[in-house]
Amino acid sequence: MSLIGRKVPEFKATAFKKGEKDFVTVTDKDLLGKWSVFVFYPADFTFVCPTELEDLQDNYEAFKKEGAEVYSVSCDTAFVHKAWADHSERIKKVTYPMVADPTGFLARAFEVMIEEEGLALRGSFVINPEGKIVAYEVHDNGIGREAKELLRKLQGAKFVAEHGEVCPAKWQPGSETLKPSLDLIGEL
């Protein structure tokens with residue numbers, strides 16, 4: 001069954017957030033009223049993960065410009081997130097919340113938990129201001145993601161929600177969109 005339209009469940013988690021007392025609380029209520037992006041990754045102190053989190057940080061201002069908060073999530077604790085930031089030049093740059101999910105509650109709720117490993121798959125989720133998942137992608141842990149593509153998906157989801165039009169393949173902000181109608185059937 002698809003996760004599209006599913007509301008994020010009630011949760012309360014600790015996150016490492018550089019520059020803000022280091023640890024903050026994140027809840028499902030923090031997602032309401034704005035766009036959110038959740039990026040699950042397998043574990044701290046690994047290989048592909050720091051490249052992805054650095055790429056997210058490099059594009060973080062663009063996400064914020066869209067009115068969205070980015071949350072990275074792994075099954076590590078907030079203490080491990082902090083230790084990683086203290087020891088990795090890439091993670092030291094990260095200023096968005098790094099959510100701790102040591103019980104795997106969020107990983108299970110978003111259906112990315114690898115039970116036999118206690119790790120999450122690489123899952124990216126766009127969540128609307130009502131707290132519902134509107135776009136997601138999950139794939140093998142050996143494949144790194146690109147933040148700009150995730151940003152494009154966020155922008156597309158926002159455009160569709162605001163304008164009622166749809167975004168064709170390769171759509172970019174400012175590009176032509178489609179207004180669904182019977183007149184378009186067989187014409188594209």
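Is Cys49 buried or exposed in this structure? In this predicted model, Cys49 has a relative accessible area of 0% and is therefore buried, since a residue is called buried when the value is under 20%. Cys49 is a useful place to start, for the UniProt annotation "active site", taken from an unreviewed entry, covers Cys49. The residue lies in helix α1, and, if its neighbours within four places in sequence are left aside, Cys49 is in contact with Tyr41, Pro42, Ala43, Trp84 and Arg122. Two of these partners, Trp84 and Arg122, lead onward to other parts of the model.

Let us follow Arg122 to begin with. The side chain of Arg122 meets that of Glu52 in a salt bridge, with 2.5 Å from N to O. Because Arg122 lies in strand β8, which covers residues 122-127, while Glu52 lies in helix α1, the pair ties together parts that are 70 residues apart in sequence. Arg122 and Glu52 are both buried. The pair also belongs to a wider arrangement, as Glu52, Arg122 and Arg145 are linked in a network of salt bridges. In total, the structure holds 13 salt bridges, and a few others will appear further on.

The other partner, Trp84, brings us to helix α3, which is made of residues 78-87 and in which Ala78, His81, Trp84 and Ala85 are buried. These four cover an arc of only 115° around the axis, which puts them on the same side of α3. On the other side of the helix, by contrast, Phe79 and His87 are exposed. What do the buried residues of α3 pack against? They pack against the strands β1 (12-17), β2 (22-27), β4 (68-74) and β5 (98-100), and also against the helices α1 (49-58) and α4 (89-92). Helix α1, which holds Cys49, is thus one of the elements against which the buried residues of α3 are packed.

Helix α3 also contains a salt bridge of its own, in which Lys82 is paired with Asp86 and the closest N and O atoms are 2.9 Å apart. Both residues lie in α3, four residues apart, which is about one turn of the helix. Lys82 counts as partly exposed because its relative accessibility is 24%, and Asp86, at 41%, counts as partly exposed as well. A salt bridge is also found in helix α4, where the side chains of Glu89 and Lys92 meet with 3.3 Å from N to O. Because Glu89 and Lys92 are three residues apart in α4, they are separated by about one helical turn. Glu89 is exposed, with a relative accessible area of 57%, whereas Lys92, at 31%, counts as partly exposed. The reader may set these pairs beside Arg122 and Glu52, both of which are buried.

Arg145, already met as a member of the salt-bridge network, also leads to the largest pocket. About 150 Å³ of space lies in this pocket. Its lining is made up of 13 residues, and those that lie nearest the centre of the pocket are Ser124, Arg145, Glu146, Ala147 and Leu150. Which elements each supply at least two residues of this lining? They are α1, β9 (133-139) and α6 (147-163), and the largest share, four residues, comes from α6. Lys153 also lies in helix α6, and with a relative accessible area of 25% Lys153 is partly exposed. Between Lys153 and Val166 there are 12 Å in space, taken from C-alpha to C-alpha, while the two are 13 residues apart in sequence.

Two details of the backbone remain to be looked at. Glu111 has a positive phi of about 60° although it is not a glycine. Glu111 is placed in the loop between α5 (105-109) and β6 (113-114), and it is partly exposed, with a relative accessible area of 45%. Lys170, also a residue other than glycine, has a positive phi near 65°. Lys170 lies in the segment after α6, and at 75% relative accessibility it counts as exposed, because the cut-off for that word is a value over 50%.

Technical notes: Residues numbered from 1 in each chain as written. Predicted model: local features only at pLDDT ≥ 70, side-chain atom pairs only at ≥ 80, totals over all residues. Heavy atoms only, no water. Buried < 20%, exposed > 50% of the residue type's maximum accessible area, 1.4 Å probe, protein only. Arc of directions from axis to C-beta. Contact = heavy atoms within 4.5 Å. UniProt positions renumbered as here; feature names shortened; annotations may be inferred. Salt bridge = Lys/Arg side-chain N within 4 Å of Asp/Glu carboxyl O. 1 Å grid on protein atoms, 1.4 Å probe; cavity = no way out; pocket = protein on both sides within 12 Å on 5 of 7 lines; lining within 4 Å. Points joined across faces, edges and corners; volume = space filled by probe spheres on them.
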